[in-house]
Amino acid sequence: MMKSVQMEQQQSSSSDSDGTDQARGYSIIVPGNLIATTDGFEKKEHSWFALSPIPSDLSIQVEDITFCVHKYPLVARCGYLNRLELEPSNPDLGYDLKLENFPGGSETFELVLKFCYDLPIGLNPNNVAALRCASEFLEMTESLEDGNLISKTEAFFTFVVLSLWRDSVTVLKSCEKLSPWGENLQIVRRCCDSISWKVSRENSATVENISEEDWWFEDVATLRIDHFIRIIVAIRAKGTKSESIGSCIMRYAEKWLPDIDAGKAIKRRGYSQNEVQWSVTTGKSLEGVIGQNKEHRMIIESLVSILPPQKEAVSCKFLLWILKMALVFSISPALISELEKRVGMVLEKANVNDLLIPTYTVGDQGKMVKMTNDWTMHNIDVVQRILEYFLIYEQQQQLLLQQNPGTLTVGKLLDNYLAEVARDPNLSISKFQVLAESLPENARTCDDGLYRAIDTYLKTHTSLSEQDRRRLGKIMNCEKLSIDACMHAAQNDRLPLRTVIQVLFSEQVKMRDIIQGKDNCDDNPDQDGSWLCTKKEVNTLKAELDIVKAKMEELQTDYFELQQEYEKLNNKHKSLSSWTFKWMKIKKSSLAQAKTVEEEADDGHPRSHSGHKTKFHRRVSIS
């Protein structure tokens, strides 16, 4: 058998002036047994040699590997090499041709060489995409030879790979290293369409006999973020349930993003201003996290942008976790605001640990940097905005007009959160007060949690002024405190005196009401079991009430004594002023009368009445 290899040569410049491109070709007749004369390849250091009795006449470098092969087997099937004018080997370079950016690298080129030498190659999902791109790069079309590599790989991909779930995922994952060839040849699009169609089918058990609802999560979660987004968008367009899509997004985020452990924050010397750090943990080392900041930021932004709009699509815990990640890696402010609104819609399902959002962000060098100028450990402003979104959502739902379980749950959640952040010595009283007063009055049926938060804040901030203590005391409603909370508050030296008096009065009223209810319970033993009580309990309550009354009387006695002392000081000052005024008046009157008597004596009108003299002497003595 003889094979003909067509070579093209350009004509001289004189023929170009005719306005037409003409080629003068010639055929080289090569025996068929000289074209495929190798049984394999042998590797020596960074070079591959074709095992053949005929010396190789062409060296091609791919990446850092040099392949010493024969020219004609490649030229016969590769249009790209057929068009090149191969120069003689340069001893300085060590190769005749270097293929830059070859799809699949040296491993794929080795398979292409085996195909050109008619050696068997095994097509599988791991190499079919690379071989398809490589054959396109080398232009291995049907015009050169029937059954060339392009047609073989295309047929295997279309009829074998796309019909199976795992093969489609494998090929799509292999395309991550074949950009842009995988996109240009529509390999990525066809794999995404195949995967989304299989997921959206109602009977998922027919794909690979897997009956679980989340059977496709793990495979899809291994893909790169851009391929994952395309599949999710295609699945949503086909009407897949939002809960299923949300669960898949959560699985992907858990696999690819690091974790921020707020519950195990590293603290040195308690809550020091400059030495509070947050622990960032992941399945990889911290150095790996530092080098992937941009990738993490891109993943977070992509996942947030494709979250289903339904509030039940993803859990509140996941929303708060992804919000922490968004703040730490500084994603777009618009996406952060969208996350805060989503959290506000389901805030009643959150817990305190989820709301502990750090005030740090990861810088470009991988170091934790403060978001704000203050040194608070937790981001209070974010929680404040979430509460505002929650109230707006509740008003839109017209649920605040009546007391609903969601609002009460958020009230308890806020009290627990306040008790947690109150231990931060850098938390200002203004932020604490504003956050505590964010919810309406009907959001709390009992203020015990709020009292606990206030007491914790007073324990931590021992240098507060009396005015600041009064501000904290006004936050809670003493009438909503339980008996136990009232008893504790009555003996709490950290509370201002006015608040303690209000607590004692409220406790006295509650004790009286409880005792009256107990007495009524004793008089009516046939009432419901919840009202039954023993005489011992009544006596205990009475004894506690007597103690409270005694303390109240002591406080009232002290108050009356202080008031009497104050009145005595005022009366003493008034008496002294009155006596001085009267004395000056008498003195002036005596002097005036003495002057009048002297004038009468000078005029020759002496008074002979002894009574008048006696009176005059008495006035003089008085003066």
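Which residue in β6 is the bridge partner of W48? In this predicted model, the bridge partner of W48 in β6 is F67, and the first of the close-up views below is built around that strand.

**View A. Strand β6 and the two strands that pair with it, β4 and β5.**
Strand β6 covers residues 65-69, and 5 of its 5 residues are buried, so the strand is largely enclosed by the rest of the structure. Both of its faces are covered, with I65, F67 and V69 buried on one side, and T66 and C68 buried on the other. Strand β4 (residues 47-50) runs parallel to β6 and is joined to it by 3 bridges, whereas strand β5 (residues 58-62) runs antiparallel to β6 and is joined to it by 5 bridges. F67 is the β6 bridge partner of W48, and F67 is also the β6 bridge partner of I60. The hairpin of β5 and β6 has 2 residues between the strands, and in this hairpin E63 takes a positive phi near 60°.

**View B. Helix α6 and the residue that follows it, E139.**
Helix α6, made up of residues 128-138, is mostly covered, since 10 of its 11 residues are buried. Its buried residues are V128, A129, A130, L131, R132, C133, A134, S135, F137 and L138. After the helix comes E139, which has a positive phi, near 60°.

**View C. The packing of helix α7 against helix α8.**
Helix α7 (residues 149-161) and helix α8 (residues 165-174) pack at an angle of about 140°, and their axes are 9 Å apart. The two helices, α7 and α8, are therefore oblique to each other. On the α7 side the contact involves F157, V160 and V161, which meet D167, S168 and V171 in α8. Sorted by class, the residues of this contact between α7 and α8 are 4 nonpolar, 1 polar and 1 charged.

**View D. The packing of helix α22 against helix α23.**
Helix α22 (residues 429-436) packs with α23 at an angle of about 180°, the axes lying 12 Å apart. The helices α22 and α23 are therefore roughly antiparallel to each other. The contact is made by I429, F432 and A436 of α22 together with L450, A453, I454 and Y457 of α23. By class, the residues of the contact of α22 with α23 comprise 7 nonpolar, no polar and no charged.

**View E. The surroundings of D455 in helix α23.**
D455 is found in helix α23, which spans residues 448-460. Is this residue buried or exposed? D455 counts as buried, because its relative accessibility is 6%, and the cut-off for a buried residue is under 20%. Leaving aside neighbours within four places in sequence, D455 is in contact with H488, N492 and R494. Of these, R494 is 39 residues from D455 in sequence, while the C-alpha atoms of R494 and D455 are 7.6 Å apart in space.

**View F. The two sides of helix α24.**
In helix α24 (residues 466-475), the buried residues are D468, R469, L472, G473 and I475. These buried residues cover an arc of only 150° around the axis, which puts them on the same side of α24. An α-helix has 3.6 residues a turn, so residues three or four places apart point the same way. On the other side of α24, Q467 and K474 are exposed.

Note on methods. Residues numbered from 1 in each chain as written. Predicted model: local features only at pLDDT ≥ 70, side-chain atom pairs only at ≥ 80, totals over all residues. Heavy atoms only, no water. Helix = DSSP H or I, 4+ residues; strand = E, 2+ residues; numbered from the N terminus. Buried < 20%, exposed > 50% of the residue type's maximum accessible area, 1.4 Å probe, protein only. Contact = heavy atoms within 4.5 Å. Arc of directions from axis to C-beta. Axes fitted to C-alpha atoms, helices over the stretch in contact; angles between N-to-C directions. Parallel < 35°, antiparallel > 145°, perpendicular 65-115°, else oblique. Nonpolar A, V, L, I, M, F, W, Y, C, P; charged D, E, K, R; others polar. Pairing = 2+ DSSP bridges.
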